[in-house]
Each structure stands twice: as structure tokens, then as C-alpha cells.
Amino acid sequence: MSKDIAILGVGMHPWGKWGRNFVEYGVKAARDAIADAGISWRDVQFVSGGGTIRNGYPGFVAGASFAQALGWQGAQVNTSYAACASGSQALAAARSKILSGECDVALVVGADTTPKGFLAPAKGERFDDPDWVRFRIGITNPTYFALYARRRIEQYGDTQADFAAVKVKNAEHGFANPNARYRKKFSAEEVAASAMVADPLRLMDICATSDGGAAIIVSSLAYAKKIGKGNAPRIAAISTVTPTFASELVEMPDIATDSAVAAKPQSFRAALPKKAYEEAGISPKDVSLAEVYDLSTALELDWMEDLQLCARGEAAKLLRAGATKISGRLPVNASGGLACFGEAVPAQALAQVCELAWQLRGQAGERQTSNPKVGITANQGLFGHGSCVIVKK
Amino acid sequence: MDAKVQEALLPGWYTLDADQPHLIGTRCTACGTYYFPKQSTFCRNPDCAGVEFEEVQLSRTGKLWSWTNACYKPPEPFVAVEPFVPYAIAAVELAKEKMIILGAVVDGVGVEKLKSGMQMELKLEPTVDGKLTWKWKPTP
């Protein structure tokens, strides 16, 4: 039995710092996705929301909040919270419902409103909370990105100019994306002139936090065919595996890796696509384009290797050759990536899938890549959450 | 530095030995896995049912795995000097425990003085609010 489901429609609320309630962004995205699918809201049988932690009680019941705002019509409901992978987990819940035959059509939606400034832990003194402890001793999110970036410099000979080139490329891509928050081209000199935040990473190497919303209408293949959308892009895999003990890298918000005395160290980032490729029966060689979580510019290069799009240490070579541009043979972050969006946590993994859907349908406008057949997304966030989704024609 | 009057920023996480401090971790008596911060309930090795842990002092030296710095003041609960002075941060690999542990680098040692693989040792330094915390320092 095919485990594929169809993407009938996608929609987004533009990313920005709008300062409004997250539900508003989600509903705008959902309405667009419903219209794009050519169905009616009443056709949706399952609403699966990616949860935000930043809006108190309503945030935890995102699925229901979106459903109410769209007009309660008795659909089944779900809310998934999995940090940066929240959207993918909500999508996986929808796929399970569809593949088990419990529903034909589902709406998956995620949206966030972010506070101004640094992300900080909740108040209070909590020695058993790793997120509190690491801030107490002065370790912020950019610390982790910078430690990984420094490893690339030491192990592979990557340079700060390579990292800047990722930003320049993604800024060019996002310039043509109406949903991106930052639509401005930058030169390598401008990136190099931005303030150092966490050596070797500068302000323009690190992504911001944003408000935004993304939504997807998914269905069984039979339903897609029935409404004349048998050729819609399909979701071929959703990987949401946990890390495997022992951790190879110090992961946010931890202050240490696992001890690898009794079990060998394992890469979490590399494990996420591995499961996705297996599930889809697709090889990394088949991938036409990738949307990866560039929390930092250097991290985009790590992801390319984790996705097996090139050998370890070779990502900068592809970048320098222009292969990862929209016009290249393996476009990475054709949307502009987090560099142009900033992170809206529960929406971001869905936004990645939206971009792949537009690309595979040939509807990405000025960002359109050359005849893509298979796209892959990748992201990783706090507390062992991450995901990888494969979309194919 | 008088240990009697000095309070730890994270009580019980390290010895207050002025010259030769150690981070305090635990070790699963069944599979030998080390834990920092301490783990004392269930072993996290998926193939180990261990529930007994011994408290251990971790190696106080290791190799520099990676490093960075904080050019901007972190948010609370961090307590910073005003005006803020950037500090380096090290990720140090302990050979015996086979783990990497983060920590700020001692005052006065910036990223320009750090090199991959260099030997680092554990030190204690007071924070602005007068509590002792662990720092990594290149060994001479």
C-alpha cells in the first residue's frame, strides 16, 4: 500500500514582526490553502495544529483555536508541540488519520507571534532545567551555531567568506518571495561588515525570530483523484525520529553531550533524513532541491552533508560553484530560507513544505527552479525534536 | 579564594577546590556511562536498565573541541558586569568520560588565544554577583 498523501493546497501569511495574535496568521494561511485546494472549509475533516508556546493557554490548543476562528464545523482536532518540528508532527498526525482511513481531507496549520529581542527562558530559579542553566552560565542560541561553525572551519577549511556567501545567496532567493520578511539583497562586504555576535558568526549569519503562519491541505490519493487533482505533489515521507544515544554534538539547550563510554556517538541531524529516505524509497541522488533550517549560514552547509547531498566537508565546494543557487543543479533554500524569513517556530516546518509544493507545481514565480521532481526539508530544534519531509511529483 | 565563604552558582555541580576544582557528575554502575549534570534515577543508555549511580569527579582537563564567544550580553538569568565585557566559550572533550562539556573561558582569554585541540583545564571564577562558577582555561 502506498504511504503517500496528496498536497491539495498550500497557503502562508507573510512573515514579519506584525505583533498580532498568532491565530490571525494561521487562519489567513488556512483560508489560502483551502482556496488553493479548491475545496470548502466544511470538507475538512481533521484540523491538525502546530502549537506555539508563546501565547499561554490558547497556544497549547492551537488546533482548536484555528478551528474555532475558521468557524467550528465539527472536524476532529489535534495539536502537536515539537519545537521546530511542530509543523511536521502536526502533518504526521494528519497523514496517520488519512492512511488509517479515518479521514480523507485534513488541514495542517502552524503560526507564531514572537517577542522582541533575545529568546530567553521563563523566570525563576530552576537548576533542573537545562534551558535555565545554560542561560545562567551565559550560553545563548548563537553559542551552539558558532561552535558548529567553528568546527567546519577547523575540519573542512570553510571560511567566514563561505558563510557570508550563504547569506548572499539566500538573500537573492528571498528577494523574489512575497512571503519573506527580509527582501533585500546583500553583498559579501555588507555581511562581513555586520557586527560579530558569536565568533565566527556575525549578525547577518544568524536568523531572526518572526511572526508568520503556514497551512497545508492534505488528502488521500483517492480523494485527490476524485476532485481532479491526481497529479498534485505528494508527501512521500515524514521523519520525526528522536536522536539515538549517545549524542555526538552538544545540542541546544544542553551543556554537555552524552558520555559515549557505553554506546558510540550518533549524529541526530544525519539520522533525520536517513529515516525519510528509507520511508520514501528515494535516494539522495534523486533530490532536486532542499529547504533546510539555516538558523545560521554555516548550518545550511552542515545540513547539505547531513542530507547526503554531498560528502562530508564538501558543501562549501558546491556553494562556491553556484550549485545551490536557484539556477544551480541543486538549489538549497530557494524560498530564501530562515535568512529571509526569520523563525516562526510552529509554522516554519510547514513553510518549508509549502515552498516545495509551489516548486514542484511550477508555481514559484521568479524563484522557480528547473523542473524539480523531488524536494526534501530538514529542521531541528530544542529537546531532541527535528524533522525531515520528502515531497515528490 | 576561601571555599568557606564562597557560594557556588550551581550548588553541588563542582567541587570548590580553589586550585584543582572538578565538575561533579555521576556514573551508571551498570554500563559505566557518565552524566553531567548528574543523573541519579534511570540510565539513559537505551540498552541499560541501570538505576544505581555513583557520584564521581570528572576529569578536570580535556581537549578543546570548539569555541566561540558572546559579544552581546545574554538575557537573564545571566548576570553581567556593566558595561558588558565579551567572554569566550569553550567546548572541551574529556577523554575518559568521552563527552564534551561547555563552559565560559576564564576572564582575559579571548577567542584569538584558542586553538583546536589545545589542552584546557577547569578553574573556578566568581561571577558578578559573587558566586563561583566553572570556567575553562588553556593549560600553560
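## Where the chains meet

In this predicted model, chain A puts 33 residues into its contact with chain B, and chain B answers with 38 residues. On the chain A side, three elements each bring at least two residues to the part that touches chain B: α5 (130-136), α6 (141-156) and β5 (196-198). The top contributor there is α6(A), with 6 residues.

What classes of residue make up the side of chain A that touches chain B? Sorted by class, there are 22 nonpolar, 5 polar and 6 charged residues.

## Two domains in chain A

Now for chain A on its own. The domain assignment splits chain A into domain 1 (5-117 + 211-235) and domain 2 (130-206 + 236-392). Their C-alpha centres sit 23 Å apart, and the contact between them draws 35 residues from domain 1 of chain A and 35 residues from domain 2 of chain A.

## The domain 1 face

Look at the side of domain 1 of chain A that touches domain 2 of chain A: β1 (5-16), α4 (86-99), β4 (105-112), β7 (211-219) and β8 (234-239) of chain A each chip in at least two residues. Which element supplies the largest share of that side? That's α4(A), with 7 residues.

By class, this domain 1 side has 19 nonpolar, 12 polar and 4 charged residues.

## How confident is the predictor?

For the complex, the predictor reports an ipTM of 0.96 and a pTM of 0.96. Chain B comes out with an average pLDDT of 95, and 96% of its residues score at least 70.

Terms used
Residues numbered from 1 in each chain as written. Chains lettered and ligands numbered in written order. Predicted model: local features only at pLDDT ≥ 70, side-chain atom pairs only at ≥ 80, totals over all residues. pLDDT = per-residue confidence, 0-100. Domains from an automatic or database assignment. Contact = placed C-beta atoms within 7 Å. Helix = DSSP H or I, 4+ residues; strand = E, 2+ residues; numbered from the N terminus. Nonpolar A, V, L, I, M, F, W, Y, C, P; charged D, E, K, R; others polar.
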